[in-house]
Amino acid sequence: MIRFLNNNSLIMSDMTIAPYDLVIVGCGIAGAAAGLTALREDLTICIIERKGREFVGRKICGELMPMRIVKWLKNEFQISVDHYPLKGLQVCTFSGLMDGDHGIVRVTDPLCTIDRWQFGQTMVKELLRRGAELHQGVVRGSVGKNEVHGVKTHDASYLGTLTMDCSGVFSVLSRELRRGRGSPSRIGLGYKENIILEEAISQEYATIVFDNSFVPSGYFWFFPKGTYELNVGAGGMEQRSTHFRKAVAQALHEHTRFKIKEKTQAGYGALPLGGSLPSMVAPGLLACGDAARHTNPLTGEGIAPAFTAGHMAATTAAEAIHSKDTSLEVLWKYNYDFMQRYGALLGSSLPLRDFMVSLTSKELQSLLQNVITDEVLSQLEEKEPSFTLTDILTTAANAAKTPSLLFKLACALGKMGILRAVYSRYPKNPKRFPQWRTLATACGGV
Ligand SMILES: Cc1cc2nc3c(=O)[nH]c(=O)nc-3n(C[C@H](O)[C@H](O)[C@H](O)COP(=O)(O)OP(=O)(O)OC[C@H]3O[C@@H](n4cnc5c(N)ncnc54)[C@H](O)[C@@H]3O)c2cc1C
């Protein structure tokens, strides 16, 4: 059987497609970043995506990302992306939200919302314009026994010097990465809808609301997409899918004054909330984004980590291919670089998330009013925060009169400190990985 593909190339079923430098599975965020980077490095690439070209980018998502990604695309790749700018992120409880400024903590680090589908379409257009081959197909597994040499769909095999798994939360090549050393995958769930408003709003911050009387294991979000539109949703470890939809409806009704004209683009999506894979490389293979569980376990933020991972992995892949050494030792640089940038943040977000969702609304409100300042919240992103455990505990002890809250806070901060230290010692080569892994597991990491 012969068929035409959406890039107008011609292939025959059950055939082997000639070798590329890089075979990329999935044209989401990580796949697009990897593709753009690899093309700039003069690699030949083939992206295999299960969705038809016109559906690339269609994904249930909160659509919030840092402004620096928009700037990075402009500066590095001359790609302009439509976006709605926001001043930063605010965190609160529903009572904090209704009361106004008291009890709302803000990080003023520019963010923006995008239209995820439009964004995906811009990426795909640029990838094709720059020479990528895009094949529509569902990847079912890898080619090669002890080393990955490409991937198979139901009717073809695509060979590559290196392969990148950017296939998202239900990673199709995860078996290759986990060989003999599994790590628990904790899949979270999110529900979102876009609400169109009757009256304009002037919300300059993206809002995350923790309130475990509505969502015991997660959070709500309200992300403005314009003066008349918001992306709203709820997500977390909750597995009963109907719960989030009802919780969002109830929260909108009871805790906001929005006059809703219309609801659009509603749906559920899954995301990995168990912290990054401890190693994202295997012989011939690099995994990025949700496929490597790069989503922040506390906030669900996955776009920026997926972009960074795709870019870093393709940079390492290009170095390996150009130097004709694609050994695991060379690919390890990607593991190291990613962990230097995100390891401490993703690792320490696990105990922070568990702590946040363990609090009652009253405890959380007291913490946000008295202990977690704008400064403390913004420092959580930093590799080496300027505050110390003692600083926070002293403030908490002066403000909160509840010993159980102080105890929970001390435990969470202690675990966060230990995991930051563990991730900052991520090994530079694979030989020291087993000892590091044992230490990380013993400390409650992956
Ligand atoms: C409800 C919800 C809200 C979210 N909100 C936000 C937010 O506001 N901000 C944020 O930063 N993050 C958010 N995230 C997380 C974010 O969407 C992901 O972390 C991000 O999309 C990861 O990018 P990726 O490239 O790894 O995966 P994806 O973007 O999912 O891309 C994977 C691609 O691989 C393709 N694919 C899958 N399997 C195969 C196969 N077998 N063969 C071929 N192709 C395949 C898919 O079709 C898809 O195009 C949210 C997630 C959910 C579920």
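**View 1. Strand 3 and strand 4 side by side.** In this predicted model, strand 3 (residues 15-25) pairs with strand 4 in the parallel sense, over 4 bridges. To find your way around the pair, look for V23, which stands opposite C46 in strand 4. Strand 4 itself spans residues 45-49 and is mostly covered, with 5 of its 5 residues buried. The cover reaches both faces of strand 4: I45, I47 and E49 are buried on one side, and C46 and I48 are buried on the other.

**View 2. An open sheet of 3 strands.** Here the strand order is 5-9-6, and the pairing is antiparallel. Strand 5 and strand 6 (84-86) are the edge strands, each pairing on one side only. From one strand to the next, the twist averages 35°. Between strand 5 and strand 9 the antiparallel pairing runs over 3 bridges. A handy landmark is P66, found opposite L111 in strand 9. Helix 2 packs on this sheet and touches strand 5 and strand 9. The direction of helix 2 makes about 65° with that of strand 5.

**View 3. Helix 2 and its surroundings.** Staying with helix 2 (residues 67-77), we can now pick out its buried residues: M67, I69, V70, L73 and F77. What covers them? The cover for the buried residues of helix 2 includes helix 1 (29-40), helix 4 (116-129) and helix 7 (303-322), along with strand 5 (64-66) and strand 9 (111-113). Just after helix 2 comes a backbone detail you may like to check in your own viewer: Q78 takes a positive phi of about 55°.

**View 4. Helix 8 against helix 12.** Two packed helices are described by the angle between their axes and the distance between the axes. For helix 8 (residues 328-358) and helix 12 (residues 403-424), the axes come within 8 Å and cross at roughly 165°. Helix 8 is therefore roughly antiparallel to helix 12. The crossing of the two helices is right-handed. On the helix 8 side, the contact is made by M339, Q340, G343, A344, G347, S348, P351, L352, F355 and S358. Helix 12 contributes L405, K408, L409, A412, K415, M416, L419, R420, Y423 and S424. Sorted by character, the residues of this contact of helix 8 with helix 12 are 11 nonpolar, 6 polar and 3 charged.

**View 5. The buried residues of helix 9.** Which residues of helix 9 (residues 361-370) are buried? They are E363, L364, Q365, L367 and L368. Helix 8 and helix 12, the pair from the previous view, are among the elements that cover these buried residues of helix 9. The cover also includes strand 7 (88-92), helix 3 (94-99) and strand 8 (105-107).

**View 6. A close look at E254.** This residue lies in helix 6 (residues 241-255). E254 is partly exposed, and its relative accessible area is 43%. Leaving aside residues up to four places away in sequence, E254 touches M98 and F214. How far apart are E254 and F94 in sequence and in space? The two are 160 residues apart in sequence, while the C-alpha to C-alpha distance between E254 and F94 is 9.5 Å.

Key: Residues numbered from 1 in each chain as written. Predicted model: local features only at pLDDT ≥ 70, side-chain atom pairs only at ≥ 80, totals over all residues. Heavy atoms only, no water. Axes fitted to C-alpha atoms, helices over the stretch in contact; angles between N-to-C directions. Parallel < 35°, antiparallel > 145°, perpendicular 65-115°, else oblique. Left-handed = near helix turned anticlockwise from the far one by under 90°. Contact = heavy atoms within 4.5 Å. Nonpolar A, V, L, I, M, F, W, Y, C, P; charged D, E, K, R; others polar. Buried < 20%, exposed > 50% of the residue type's maximum accessible area, 1.4 Å probe, protein only. Pairing = 2+ DSSP bridges.
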